[in-house]
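Please open the structure in a viewer and keep the selection tool at hand. The tour below proceeds from one selection to the next and states what is found at each stop.

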Amino acid sequence: MSVPPSAPGAQSTPASPWPPTSSADFPRIGSLPAYVFAQVNAEKAERVAAGEDVIDLGMGNPDLGTPGHIVEEMVAHARDKKHHRYSASRGIYGLREGMADHYRDRYGVQLDAETEVVVTIGAKEGVAHLMLAILGAGDAVILPSPAYPIHSYAPRFAGGSVLPVPLQGDGQGYVRGDALLDAVEAACRTAGRPPKALLLSFPNNPTTLQAPPGFFERAVEVCRRNRLLLIHDFAYADFGFGDDPPSVLQVPGAKDIAVEFFSMSKSYCMAGWRVGFCVGNPAMVGALTRIKSYLDYGIFQPIQIAAAHALRAGQECVAETRDTYRGRAAALTEGLRAAGWDVPAPRATMFIWAPIPAPFVGTPSIEFARMLLREAGVVVSPGVGFGPEGEGCVRFALIEPEERLREAGARIGRVLRRAKAAA
Ligand SMILES: Cc1ncc(COP(=O)(O)O)c(C=O)c1O
C-alpha cells in the first residue's frame, strides 16, 4: 500500500544506498561528526602494543576501584537468584529513596522518591534519553561550550539542535556566570523560535569551572523569564577542592523547571557499574521514566542494592577520592608549571584544562595531542573533541597516581624545552 504524501511518515530522509555497505549509509549515523578521540586512541593502542610505556590521561575513567563495602554488598546479593530477573526500569524503591535521603541530608532538598527520582544507566544514558523524551523536532537546547560530548550530541539524536554559548572562567576557577547568562538571554532573543532548554554542568567537564555563589539563583530566574527548562548535569558534585559545589535544586522553586543528574561513577568510583539518577521536576522525571519503560528493564538488581548501600553507608570513601584527585591535580599542575607550562590550577573535578603552550600556540589541539603522545608518551584529550570552542586547549584526566603524573610532567617538560630550543 502506498503512503499518501500528507500522512505521517511520508517525508522520508534522502535515499540511502541499498543494500547498505557501511554504517555511514544510515542517515543518522552518516550525519555524525568524526569521533575526534579515535585517532589519538588508535595511535595509543599501537604504541602500547609495541611495548612503550604510555601514560594515559585521556579518558575520565576512574582508576581507584569501587570501595570494598560496596563491592561486598553487590557480591552478597548476586548469589541470590531472586535478583537475577528483570528489575524495575525506573529503579528499585530503596535506591530511589536512598537518593532522596541523600539530597535531604546533603543539600536540604526534599524529593519524592516516587515522582521526583528516576534511576538511570549512568548520567550519560539519562541525559540522552531525557532529550528524546522532552524535545520535539527542531527544538533547540542552549549549551555552554566547550561541553561534554553527549551534551551536544543528545539533542541532535533527539531531532533537536544546539545553540552554543561561550563558557569562560573568571581566573579564579569559577565560571563568569553573569556573562554566561547574558549570552543565554541574547540567544533566546535572537533565536528564530524560542529555545526549549538550558543544559548546564558545574563543576564542568572539560573546563573544571565551578558555579560561583548565587549563580543558580540567577540561572533559574533567567530560565523562568525565557520559559526554558533547566537541566543540570551534576556528575562532579563531590569534587570541589574548596567550597562545596551547589545543587541547582537548592534554589527555592527550582523544581518547577529544573532537573539534575547525579552519577555514582565518579563519587563512588563505580563508572563500570552504570548507575545514575535524574531528580527534580516531576514532569521531566516522569517523561524520562516513561520513555525508559519502553527501552530498558533496569539495572542488575544487586548493583542497585549496592548503590543504595553506597549512599547510606559512611561517606568517608567519597572524601578520600576527592582528596586523591586534589593531590593529583596539585602534582600535575606543579609538574607542568615546572616544565614551563603555566596551567591553571583546577578548583574542582578530576581534570586539568590547559591552553596549549608556547611554542605550540596555534597548533590544532589534535596535532598537539598526537605530538605529546609521539614525543612524550602521554595521552591527553584534544580540546576540539569538546566542540570547536575547545580548540586551543587540551584536557588531562587525573587517573594515574601522583608519581606517574610527575613523570608525565617531566616528560612533557623535556619535549617543551627541546621545542623551545629549536624554535
Ligand atoms: C559531565 C559528565 N556527565 C556525565 C558523565 C558520565 O556519567 P555516567 O558514568 O554516570 O554516565 C561524565 C563522564 O565523564 C561527565 O563528565
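Begin by colouring domain 1 and domain 2 separately in this predicted model: their centres, taken over C-alpha atoms, are separated by 28 Å. For domain 1, select residues 37-56 together with 317-422, and for domain 2 select 82-312, as the domain assignment gives them. Where the two touch, 20 residues come from domain 1 and 25 residues from domain 2. On the domain 1 side, α12 (316-338) and β9 (351-355) are the elements that give two or more residues. The most comes from α12, with six residues.

Next, display the whole chain as a cartoon. The protein contains 14 helices and 12 strands. Its radius of gyration is 22 Å, close to the 22 Å that the globule rule gives for 423 residues, so the protein is as compact as a globular protein of that length. Along the principal axes, the C-alpha atoms fill a box of roughly 70 × 55 × 50 Å. Buried residues account for 47% of the 423 residues. Of the contacts with a separation of 6 or more, 73% are between residues 24 or more positions apart.

Now turn to the interior and select Leu230, Val279, Val378 and Leu398. Within the largest nonpolar core, which has 122 residues, these four touch the most other members. Helix α11 (residues 301-312) supplies the largest share of this core, seven residues. Both domain 1 and domain 2 contribute at least three residues each to the core. Which residues does Val378 touch, not counting residues up to four places away in sequence? They are Ile55, Leu57, Leu372, Leu373, Ala408, Arg411 and Ile412.

Then select helix α5 (residues 123-134) and helix α6 (residues 149-157). The axes of α5 and α6 are 8 Å apart and the helices pack at an angle of about 30 degrees, in a right-handed crossing. Show the residues that meet here: Lys124, Val127, Ala128 and Met131 belong to α5, and Ile150, His151, Ala154, Pro155 and Phe157 belong to α6.

From α5, move into the loop that leads to β3 (140-145), where Asp139 is found. Is Asp139 buried, exposed or partly exposed? Asp139 has 19 other C-beta atoms within 10 Å; because a buried residue needs 20 or more, and an exposed one has 12 or fewer, Asp139 counts as partly exposed. Beyond its neighbours within four places in sequence, Asp139 is in contact with Gly160 and Lys196. Val162 is 23 residues away from Asp139 in sequence, and their C-alpha atoms are 8.5 Å apart.

The last stops concern the backbone. Most residues other than glycine have a negative phi, and most peptide bonds are trans. Select Ser145 and Pro146: the peptide bond between them is cis, with omega near 10 degrees, and Pro146 is in the loop between β3 and α6. Phe202 and Pro203 are also joined by a cis peptide bond, with omega about -5 degrees. Pro203 is in the loop between β5 (197-200) and α8 (215-225).

Finally, select Cys269, in the loop between α9 (264-267) and β8 (276-280). Its phi is positive, near 50 degrees, and Cys269 is buried, with 22 other C-beta atoms within 10 Å. Thr349, in the loop between α12 and β9, has a positive phi of about 80 degrees. Thr349 counts as buried, with 29 C-beta neighbours inside 10 Å.

Conventions:
Residues numbered from 1 in each chain as written. Predicted model: local features only at pLDDT ≥ 70, side-chain atom pairs only at ≥ 80, totals over all residues. Helix = DSSP H or I, 4+ residues; strand = E, 2+ residues; numbered from the N terminus. Rg over C-alpha atoms; globule rule 2.2 N^0.38 Å. Contact = placed C-beta atoms within 7 Å. Core = buried A, V, L, I, M, F, W, Y, C linked by C-beta atoms within 7 Å. Domains from an automatic or database assignment. Axes fitted to C-alpha atoms, helices over the stretch in contact; angles between N-to-C directions. Left-handed = near helix turned anticlockwise from the far one by under 90°.
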